Amino acid sequence: MSPSSLIAVLAGLLLLVLGKVCLDLASKQVQGWLFDLCFVVLRVVKRRLPTALHVARHDEELAPELKWILFDRYANEPVVGLYKGFRFALSNVRGAKKLARESVKQLPDPWPKWGHWVILRDGRRVYIEGRRRWWFGHRVSAAVSLRAGRRRARGRYVRGHWTTRPDGRRVYVRSHWRRERTGVMRAE
Amino acid sequence: MALVVRAFLDEPSKPKYGFELMESLGISSGTLYPMLAKLERLGWIEGHREDIDPSVAGRPPRRNYCLTGEGLVLARNELAELSDQLRPPQAVRIRPVISGGFS
């Protein structure tokens, strides 16, 4: 075998190996995108659920199940896992309204009908009754609003404090200039 | 619904999670989770988050469901009633009656 043909064979082998590696990388990348798509679909479920159920149903139940399906249960069969995961997410989109209907009735009483999330300065997220009121922008607050958490530079704060109710529940009391409004749906 | 209740009654003490029930019963997640929420609201089952360390267990903590004591009794009664309702009517035996005849 002449040296030039030997070099050609070696170059061919090198190209094959490189091609295989590139294909593997590309397939991993595409797999990651497709897995992400399942989570995007599941986020539609989250949007369809009331805010009070986001943590209990989406974050603590559906998302871990999907993660387990995709990355553990079918880790060796990515195509099956993708199929099952996508079906799981899509089916939940279909049943989200029903899930919300069935779950909302079991929320503890008193349960604020609507509210907003805030991030406390210690990092906890709590759900506070009522809409966000920017005009209570006192800097003595214990909480930073969720939006302000993203844009802290604007310095919008929610005024309030933590307290323990007679039934033992820890709630975040939002101070009002005339009265106090309470109602923490969930504290993490 | 009866299938889900039946699955809980088969092993009342064993906690079950959503995907396990989906696979064993062949129900889609969009149907199963509202059912579980309804059963939880009725007090037949109770859900609780698994207390595990994800880094040790190698998976995120699940939400497990267990049959409650009250749920166990109610579920048995309801299933018994349902099976009574669904039982086919007893076949009426037609016996030929010989009356009269030739002598």
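Two strands pair if DSSP finds at least two bridges between them, and strands themselves are DSSP runs of E with at least two residues, numbered from the N terminus, just as helices are runs of H or I with at least four. Everything below comes from a predicted model, where local features need pLDDT of at least 70, side-chain atom pairs count only at pLDDT 80 or more, and totals for chains, interfaces and linings use all residues. Residues are numbered from 1 along each chain as its sequence is written, while chains are lettered from A and ligands numbered from 1 in the order in which they are written.

**The sheet of chain B**

Three strands of chain B form an open sheet in the order β1-β3-β2, with antiparallel pairing. β1 (16-17) and β2 (45-49) are the edge strands, each with a single partner, so one side of each has no neighbour in the sheet. Five bridges tie β2(B) to β3(B), and two bridges tie β1(B) to β3(B). On the β1(B) side, K16(B) has Y65(B) as its bridge partner, and Y17(B) has N64(B). From β2(B), I45(B) sits opposite L67(B).

**Zooming in on Y65(B)**

Y65(B), in strand β3 of chain B, is buried: it has 22 C-beta neighbours inside 10 Å. For the burial labels, C-beta atoms are placed from the backbone, and a residue is buried with 20 or more others within 10 Å, exposed with 12 or fewer, and partly exposed in between. What does Y65(B) touch, once residues up to four places away in sequence are left out? P15(B), K16(B), L36(B), I45(B) and G47(B) make the list, a touch or contact being a pair of C-beta atoms, placed from the backbone, within 7 Å. E46(B) is 19 residues from Y65(B) in sequence, yet the C-alpha atoms of the two are 5.5 Å apart.

**The buried side of α1(B)**

Helix α1(B) has V4(B), V5(B) and F8(B) as its buried residues. They span an arc of only 100 degrees around the axis, taken from the directions running from the helix axis to the C-beta atoms, which puts them on the same side of α1(B). The face turned away from that buried side carries the exposed A2(B) and D10(B). What do the buried residues of α1(B) pack against? Their neighbours are β1, α2, α3, β2, β3 and α5 (69-86), which belong to chain B.

**The largest nonpolar core, with members from both chains**

L42(A), L66(A), F8(B), L32(B), L36(B) and I45(B) touch the most other members of the largest nonpolar core, which has 31 residues. Such a core is a set of buried Ala, Val, Leu, Ile, Met, Phe, Trp, Tyr and Cys residues joined through C-beta atoms within 7 Å. Chain A feeds it from α1 (3-48), α2 (54-73) and α3 (78-104), and chain B from α1 (2-10), α2, α3 and β3 (63-67), with at least two residues from each of these elements. Which element gives the most to this core? That would be α3(B), with six residues. Leaving out residues up to four places away in sequence, L42(A) touches L62(A), A63(A), L66(A), A89(A) and N92(A).

**Where chain B meets chain A**

Contacts link 18 residues of chain B with 19 residues of chain A. On the chain B side, α2 (18-25) and α3 (29-42) each supply at least two residues. α3(B) gives the most to that side, with nine residues. How do the residues on this side of chain B divide? There are six nonpolar, five polar and seven charged; Ala, Val, Leu, Ile, Met, Phe, Trp, Tyr, Cys and Pro count as nonpolar, Asp, Glu, Lys and Arg as charged, and the others, Gly among them, as polar.

**Chain A and its residue R87(A)**

Chain A has four helices and seven strands, running α-α-α-β-β-β-α-β-β-β-β from the N terminus on. Buried residues make up 24% of its 188 residues. Among its contacts with a separation of 6 or more, 47% join residues 24 or more positions apart. R87(A), in helix α3 of chain A, counts as partly exposed because it has 16 C-beta neighbours inside 10 Å. Its C-alpha atom is 8.7 Å from that of C38(A), with the two positions 49 residues apart along the chain as the sequence separation.

**Confidence check**

The predictor gives the complex an ipTM of 0.76 and a pTM of 0.60. Chain B has a mean pLDDT (the predictor's confidence in each residue, from 0 to 100) of 82, and 86% of its residues reach 70 or more.

Note on methods: Contact = placed C-beta atoms within 7 Å.
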